[in-house]
Amino acid sequence: MLKVQNISLSVQVDGAWVQAVRDVSFTLQQGRVLALVGESGCGKSLTAQALLRLGEHQGVRRDHGDVLLRGESIFAFDRERLRRMRGGQVAMVFQEPMTALNPVFTIESQMVDVIRNHLPLGKREARARALKLLADVELDEPEQLLGRYPGELSGGMRQRVLIAMALSADAEVLVADEPTTALDVSVQKKILALLRSLQRSRNLALLLVTHDFGVVAEMADEVAVMYAGEIVEQAEVHALFDHPAHPYTQALMACRPDRAARGEALPMIGGQVPSPGSWPKGCHFADRCPRADAACRAQAVALSEGEHRVRCIHPLEGS
Amino acid sequence: MTAVIEARELRKVFGRRSGWLGMGAEPGKEAVAGVSLAVHAGETVAIVGESGCGKSTTARMIMRLLTPDSGRVLWQGEDVTDHSARALRPLRRLVQMVFQDPFASLNPRMTIENSVAEGLRVHQPELNREQRRARTAEMLTQCGLDPAVMGRYPHQFSGGQRQRIGIARALIVQPKALVLDEPVSALDVSVQAQILNLLCDLQRQYQLGYLLISHDLSVVSHIADRILVMYQGKIVEQGETAEIFADPRHDYTRTLLAAKPVLHPDDREA
């Protein structure tokens with residue numbers, strides 16, 4: 001469906017280009033959920049945005065690599081083709097439902113705009129479609145809702161509206177960047193359930209960007225763990241939770257507070273994530289890793305092949 | 001034993017309008033509707049609930065940043081509800097606050113040294129510059145920061161480091177209690193673990209009482225001794241942490257616990 005091939009991205013820091021994503025590859029398949037998980041600054045959002053060629057006017061440069069949509073390079077698309085792709089085939093849902101909607105227009109005018117941007121519909125037909133979409137995302141009284149402004153809706157309702165808008169032209173690929181992070185816990189779970197049911201009923205390829213292993217456990221079929229610009233481990237979700245192979249994955253999963261007994265010290269990862277531009281020459285995690293030796297620091301480590309991939313010279317047992 | 005923080009029947013109404021000669025009067029929304037709680041030395045009491053439940057308003061009234069409409073606030077047994085700002089000043093040392101966003105709570109134009117030492121100028125004016133500097137260095141070290149960074153500004157630090165600075169700043173005046181308002185919710189998981197461990201160590205060392213405001217049940221289950229569940233301005237359930245998690249009584253508590261993300265893909269509902 002959508003193939004990311006060895007993509008590397010740089011961002012501008014104080015006038016200089018600094019690599020922030022290195023050699024990332026994955027495939028999104030219809031009906032499957034891939035979670036891209038990592039901590040802030042690991043490059044997961046930049047990678048996600050590259051799937052829609054967002055960011056290229058905001059100081060993000062593609063160094064090499066490609067994104068193929070049904071075999072076609074999206075970087076070869078002209079403006080019109082790109083416009084049709086965004087929202088038409090590949091759609092995105094963002095973290096902050098507050099800022100993604102325009103506060104001075106009604107839900108109706110924003111939804112109708114988006115729908116007519118992609119589909120050859122009259123105003124009335126577009127409105128009917130908007131109603132149908134709002135019902136699909138399980139919002140009550142869609143008729144009244146259309147006349148309201150974003151500020152009159154709760155965070156959860158706004159996120160539902162945005163999901164409805166993302167799906168308004170029947171996109172086949174949905175990229176959701178931390179879609180529930182800004183929401184209350186009880187709302188989070190409902191939005192995740194909605195995303196999952198839509199993903200199934202519409203057979204969507206879903207890329208879910210998150211920092212939260214709880215969200216991964218709820219949603220993913222496959223997981224790619226990113227650290228300092230690279231995918232360090234990629235596996236089917238059960239395999240990853242049962243047998244994390246990369247020391248970083250294991251450490252990150254172990255330091256979640258609900259894993260430890262109350263009051264007991266949580267396992268920690270010493271030090272800090274190296275920022276783009278100061279990545280070590282060898283394994284990016286080596287300076288924080290208890291298993292690291294000279295070989296890890298000597299040269300870049302490749303991602304292994306197969307079902308369960310890991311970028312590590314000394315992976316953990318059982319993988 | 002005297003509680004380090006006590007609140008009795010706190011109430012706060014927002015947006016009440018009296019109208020002109022009572023015309024068009026609106027009752028307003030009761031944000032906090034009779035909340036009582038006590039935090040003792042060395043224990044952690046958590047208020048959990050979702051946005052708008054009144055937990056932060058409660059915290060702000062306890063800090064005396066907001067005046068309650070009725071009810072009492074006591075610090076270390078002393079009723080401070082009606083204290084003037086001037087009368088409060090020397091007592092503020094007792095209860096300090098750590099905020100969610102450490103960046104917003106630090107003055108961007110002040111060096112870390114000045115930010116952290118600020119409380120000392122107020123509460124221990126007898127200290128000279130050298131003594132203040134020594135205390136600041138000591139506190140930063142305890143919070144896991146290299147005192148060599150004292151001359152830097154907040155933007156030069158990561159989120160986790162800034163939260164360490166926020167904690168050092170609160171602790172330098174030797175408080176009896178800390179009000180922690182979502183102290184780790186802006187941080188990455190690995191950094192969150194570091195800060196939670198730091199808070200636990202400091203609590204043990206200084207017998208601090210913690211009032212933790214949080215919506216994150218995994219954080220709460222890890223560090224709280226007791227939990228108060230707040231919903232629509234009221235405490236709807238309270239008890240020992242283990243008890244609440246094992247046997248929630250109130251419907252809202254059950255909803256909240258059910259919303260906790262699963263730990264493993266095998267635990268998914270469908």
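# Working through a two-chain model

Over all chains, the count comes to 28 salt bridges. Keep in mind that this is a predicted model. The exercises below start with some of those bridges and then move on to burial, the interface and chain B.

## Exercise 1: the charged residues of α2(A)

Work out which salt bridges E80(A) forms with R83(A) and R84(A), and how far apart the partners sit in the helix.

Solution.
- Start with R83(A): E80(A) forms a salt bridge with this arginine, and the closest N and O atoms are 3.1 Å apart.
- Check the spacing: E80(A) and R83(A) are separated by about one helical turn, because they are three residues apart in helix α2 of chain A.
- Now take R84(A): this residue also forms a salt bridge with E80(A), with 3.6 Å between the closest N and O atoms.
- Here the spacing is four residues, again about one turn of helix α2 of chain A.
- Finish with accessibility. E80(A) is partly exposed at 39%, R83(A) is partly exposed at 32%, and R84(A) is partly exposed at 43%.

## Exercise 2: the other side of the story in α2(A)

Which residues of helix α2 (residues 79-88) of chain A are buried, and what covers them?

Solution.
- The cut-off you need is under 20% relative accessible area for buried.
- By that test R81(A), L82(A), M85(A), G87(A) and G88(A) are buried.
- The cover includes the strands β4 (60-69), β5 (72-73) and β6 (90-93) of chain A, along with helices α3 (107-118) and α6 of that chain.

## Exercise 3: a bridge between distant stretches of chain A

Find out what the salt bridge of D170(A) and R129(A) ties together.

Solution.
- The two side chains meet at 3.2 Å, N to O.
- D170(A) lies in the loop between α6 and β7 of chain A, whereas R129(A) is in helix α4 (residues 123-136), so the pair ties together parts that are 41 residues apart in sequence.
- Both ends are partly exposed: D170(A) has 45% relative accessibility, and R129(A) has 23%.
- The pair doesn't stand alone. R129(A), K132(A), D136(A), D170(A) and R202(A) are linked in a network of salt bridges.

## Exercise 4: a serine in a loop

Is S168(A) buried or exposed, and what does it touch?

Solution.
- Place the residue: S168(A) is in the loop between α6 (155-166) and β7 (173-177) of chain A.
- Being in a loop doesn't settle the matter, so look at the area: at 2% relative accessible area, S168(A) is buried.
- Leave out residues up to four places away in sequence, and the residues it touches are V114(A), I115(A), L119(A), R129(A) and L133(A). R129(A) is the arginine that bridges to D170(A).
- For the side chain, look to M165(A): its backbone oxygen lies 2.7 Å from a polar atom of the S168(A) side chain.

## Exercise 5: where the chains meet

Describe the contact of chain B with chain A, and say how many salt bridges the rule finds across it.

Solution.
- Count residues: chain B puts in 36 and chain A 39.
- Look at the area: about 3200 Å² is buried between the chains, with carbon and sulfur atoms giving 51% of it.
- On the chain B side, H222(B), L263(B) and R268(B) supply 20% of the area that chain buries against chain A, more than any other three residues.
- Salt bridges across the interface: zero. Polar contacts are another matter, at 15 residue pairs.
- The elements of chain B giving two or more residues to this side are α6 (189-206), α7 (217-223) and α9 (251-258). Helix α6(B) gives the largest share, nine residues.
- By type, this side of chain B divides into 15 nonpolar, 13 polar and eight charged residues.

## Exercise 6: the build of chain B

How does the radius of gyration of chain B relate to the globule rule?

Solution.
- Chain B has nine helices and 10 strands.
- Its radius of gyration is 20 Å, close to the 18 Å that the rule gives for 270 residues, so chain B is as compact as a globular protein of that length.
- Of those 270 residues, 53% count as buried.

## Exercise 7: an aspartate out in the open

Which residues does D82(B) contact, leaving aside neighbours within four places in sequence?

Solution.
- D82(B) sits in the loop between β5 (78-79) and α2 (85-88) of chain B.
- At 61% relative accessibility, D82(B) is exposed.
- Its contacts are R64(B) and R72(B), and its side chain makes a polar contact of 2.7 Å with the R72(B) side chain.

Methods
Residues numbered from 1 in each chain as written. Chains lettered and ligands numbered in written order. Predicted model: local features only at pLDDT ≥ 70, side-chain atom pairs only at ≥ 80, totals over all residues. Heavy atoms only, no water. Buried < 20%, exposed > 50% of the residue type's maximum accessible area, 1.4 Å probe, protein only. Polar contact = N/O pair within 3.5 Å; in protein donor to acceptor, adjacent residues only side chain to side chain. Contact = heavy atoms within 4.5 Å. Buried area = accessible area lost by both parts, 1.4 Å probe. Salt bridge = Lys/Arg side-chain N within 4 Å of Asp/Glu carboxyl O. Nonpolar A, V, L, I, M, F, W, Y, C, P; charged D, E, K, R; others polar. Rg over C-alpha atoms; globule rule 2.2 N^0.38 Å.
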